[in-house]
Each structure stands twice: as C-alpha cells, then as structure tokens.
Amino acid sequence: MDKKSEEFYARLKEELAGSADWPAEYLFKFIVPSDKEKIVQIESAFDNMGAVIDTKESKTGKYTSVSINVSMGGPQQIIDKYIQLSAIEGIISL
C-alpha cells in the first residue's frame with residue numbers, strides 16, 4: 001500500500017472511531033464496470049454477514065453501483081473490507 005493510501009485509511013479510521021458506538025451499521029458504496037463477475041466478488045465479500053445489498057445499473061449500462069448496508073464491529077473491520085475489495089479491477093469506493 002502506498003503512502004497516500006495509508007494516510008487516507010488512517011484518517012478514515014480516526015473519523016469512524018469518533019462517529020459511532022461500535023458495533024454499528026455502515027453503508028459501503030462502490031461503483032464498478034458492469035461485469036457480473038466483479039459484482040459477485042463484491043457481494044461474496046459480505047457473505048454470511050447479514051448484509052443488505054442493492055445494485056443499480058447506470059443509464060448506459062456501462063457501470064453498476066453497489067450499496068451494502070451491514071453491521072460492522074469497528075473502524076478497522078471497515079478498513080480491512082475496503083482494502084480487500086480494492087483488489088477488484090476498476091472498483092471505485094465512495
């Protein structure tokens with residue numbers, strides 16, 4: 001992980017720590033190219049977590065937004081999930 005990413009995740013962890021009492025519900029939002037395999041990769045990362053997943057294709061059908069509402073144990077668990085999913089080619093985390 002590069003220095004810029006490390007700084008981003010450190011700042012995110014600090015903000016998350018002060019924003020809620022953990023465990024808490026967290027909303028992940030991603031945009032990926034409309035590729036069934038990539039969407040399945042995202043969804044499978046939240047298997048057996050009781051996540052509510054909503055997908056919506058863009059008007060042109062080129063991209064799909066994926067929203068995941070799930071109970072997370074704490075800020076580090078959220079950051080670990082973002083890092084895990086960053087390996088998916090073309091994914092944008094919002």
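**Exercise 1.** How many bridges join strand β1 to strand β3?

*Solution.* The model is predicted, with local features needing pLDDT of at least 70 and side-chain atom pairs counting only at pLDDT 80 or more, while totals for chains, interfaces and linings use all residues. Residues are numbered from 1 along each chain as its sequence is written, and side-chain values use heavy atoms, without hydrogens and water. Strands are DSSP runs of E with at least two residues, and helices are runs of H or I with at least four, numbered from the N terminus. Strand β1 covers residues 24–33 and strand β3 residues 63–72; 10 bridges join them, and they run antiparallel. Within this pair, Val-32 stands opposite Thr-64 in β3.

**Exercise 2.** Find the order of the strands in the sheet, and the strands at its edges.

*Solution.* Two strands pair if DSSP finds at least two bridges between them. The open sheet has 4 strands in the order β2-β3-β1-β4, with antiparallel pairing. β2 (52–57) and β4 (92–93) each have a single partner strand, so one side of each lacks a neighbour in the sheet.

**Exercise 3.** Describe the surroundings of Lys-81 in helix α3.

*Solution.* Start with burial: Lys-81 is buried, meaning under 20% relative accessible area (1.4 Å probe, protein chains only). Next, charge: Lys-81 has no salt bridge (a side-chain nitrogen of Lys or Arg within 4 Å of a carboxyl oxygen of Asp or Glu). The nearest side chain of opposite charge, Asp-80, is 8.8 Å away. Finally, the backbone oxygen of Ala-45 lies 2.7 Å from a polar atom of the Lys-81 side chain.

Definitions and conventions
Buried means under 20% relative accessible area, exposed over 50%, partly exposed in between (1.4 Å probe, protein chains only). Lys and Arg count as positive and Asp and Glu as negative; His and the chain ends are not counted. A polar contact is a pair of N or O atoms within 3.5 Å; within protein, one must be able to donate a hydrogen and the other to accept it, and residues adjacent in sequence count only if both atoms are side-chain atoms.
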